[in-house]
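This report covers a pocket, two cores, a helix and a histidine. The coordinates come from a predicted model.

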Amino acid sequence: MSAKPVLLVTAADLAPQALELLAGFEVVYAGKTPDEDAIAGLCERHQPVAIIVRYGKITPRILDASKALKVVSKHGAGIDTIDTKAAAERGIAVTAAVGANADAVAEHTWALVLAIAKSVIGLDARMRAGHWDKATHKSLELKGKTLGVVGVGAIGSRVARIGAAFGMTVLAHDPFAKAAPEGASLVTLERLLAESHVVSLNCPLTPENRGFMNASAFASMRDGAILVNTGRGALIDEPDLRAALASGKLRGAGLDAFCTEPLVGEHAFRDVAKAVLSPHIGGVSEDAYVNMGVAAAKNTIEALARAA
């Protein structure tokens, strides 16, 4: 048995730059998208002192499986997949790589906005089918329109600044923000929804905001508005969103997160033409992969040092 303390990664790999920092650990991989049984089994077998979380949920059962566990470090910013209350009760630290993938997610947010505003997906399909829609197509020009950003942490602030660069009026809502990003104004959620031509969800999931984008919220929005979610799927009531798209209330929705993941085979958005879908990869870029791995490794080492 290795004399090194064990660190479990809930994935099949970790950036080489992160592994260099973790040279003092025996790193064990849980494989691609492991479930609770797999993670708990590895914790029981290897007794890791730390878990770096890429995929899967960290439940009380997993937290109890390793008596040596001292820290759970998220390979990313969102910690809603970790039972933080259970971790706190057991004296296990929880850390996140805040801001490590902010540029990647902000860029993907705008990729989805532009795909809808400029009808990129639909026009590509029409071209491939032999059509030339120049005489009939009208896209949405963003200059002079209003962008609403819900959540202005590292990601939302970048989304807001890009919107300002497009010449948009930028409204922001964040109950935890002390100041608005440069070029934006902090407003109530009600005003943001009512005035925005584009609404971007960049906030963490909390018990208070779960499903807040529902039929009532959609009814309060501008006709023909665009909704983009690169946050968490459960921020949106998905049946209500499908209804708003089907009725024409919304121009389109760009979705990188869903209530149930992964979406495979027959699923609720498969035939929703006004939705542009991506498989929760907003924060997955070559640079972000390294940044998140390094941040998660550093957070792990620092948390273990504090716990010693």
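Helix α6 gives the largest share of the lining of the second largest pocket, three residues. At least two lining residues each come from α5 (102–117), α6 (120–128), β11 and β12 (275–277). The space in this pocket is about 230 Å³. Its lining runs through Ala115, Ile116, Ser119, Val120, Ile121 and Gly122, then Arg251 and Gly252, and then Ala273, Lys274, Ala275 and Val276. By class, the lining holds seven nonpolar, three polar and two charged residues.

**Nonpolar cores**

The largest nonpolar core has 30 residues. Leu201, Met213, Phe218, Leu227, Leu241 and Leu250 touch the most other members. The elements in the table each supply at least two residues of this core.

| Element | Residues |
|---|---|
| α8 | 189–195 |
| β9 | 198–201 |
| α9 | 215–220 |
| β10 | 225–229 |
| α10 | 238–247 |
| β11 | 250–255 |

A second core is separate and has 24 residues, among them Ala117, Leu142, Ala160 and Val228.

What does leucine 227 touch, leaving out residues up to four places away in sequence? Its partners are Val199, Leu201, Met213, Phe218, Ile236, Leu241, Leu250, Gly252, Ala253 and Gly254. Gly252 also lines the second largest pocket.

**Helix α7**

Helix α7 covers residues 154–165, 12 in number. From first C-alpha to last it reaches 17 Å, close to the 16 Å expected at 1.5 Å a residue. Its buried residues are Ile155, Gly156, Ser157, Val159, Ala160 and Gly163. An α-helix has 3.6 residues a turn, so residues three or four places apart point the same way. The cover over the buried residues of α7 includes α5, β6 (146–150), β7 (169–173) and β9. Of the buried residues, Ala160 is also listed in the second core. Just after the helix, glycine 167 takes a positive phi of about 85 degrees.

**Histidine 108**

Histidine 108 sits in helix α5. Is this residue buried or exposed? Its relative accessibility is 16%, and the cut-off for buried is under 20%, so histidine 108 counts as buried. Beyond its neighbours within four places in sequence, histidine 108 contacts Thr230, Asp256, Ser278, Ile281 and Gly282.

Helix α5 thus recurs: α5 lends residues to the pocket lining, helps cover α7 and carries histidine 108.

Technical notes. Residues numbered from 1 in each chain as written. Predicted model: local features only at pLDDT ≥ 70, side-chain atom pairs only at ≥ 80, totals over all residues. Heavy atoms only, no water. Core = buried A, V, L, I, M, F, W, Y, C linked by side-chain atoms within 4.5 Å. Buried < 20%, exposed > 50% of the residue type's maximum accessible area, 1.4 Å probe, protein only. Helix = DSSP H or I, 4+ residues; strand = E, 2+ residues; numbered from the N terminus. Contact = heavy atoms within 4.5 Å. 1 Å grid on protein atoms, 1.4 Å probe; cavity = no way out; pocket = protein on both sides within 12 Å on 5 of 7 lines; lining within 4 Å. Points joined across faces, edges and corners; volume = space filled by probe spheres on them. Nonpolar A, V, L, I, M, F, W, Y, C, P; charged D, E, K, R; others polar. Expected span 1.5 Å × (residues − 1).
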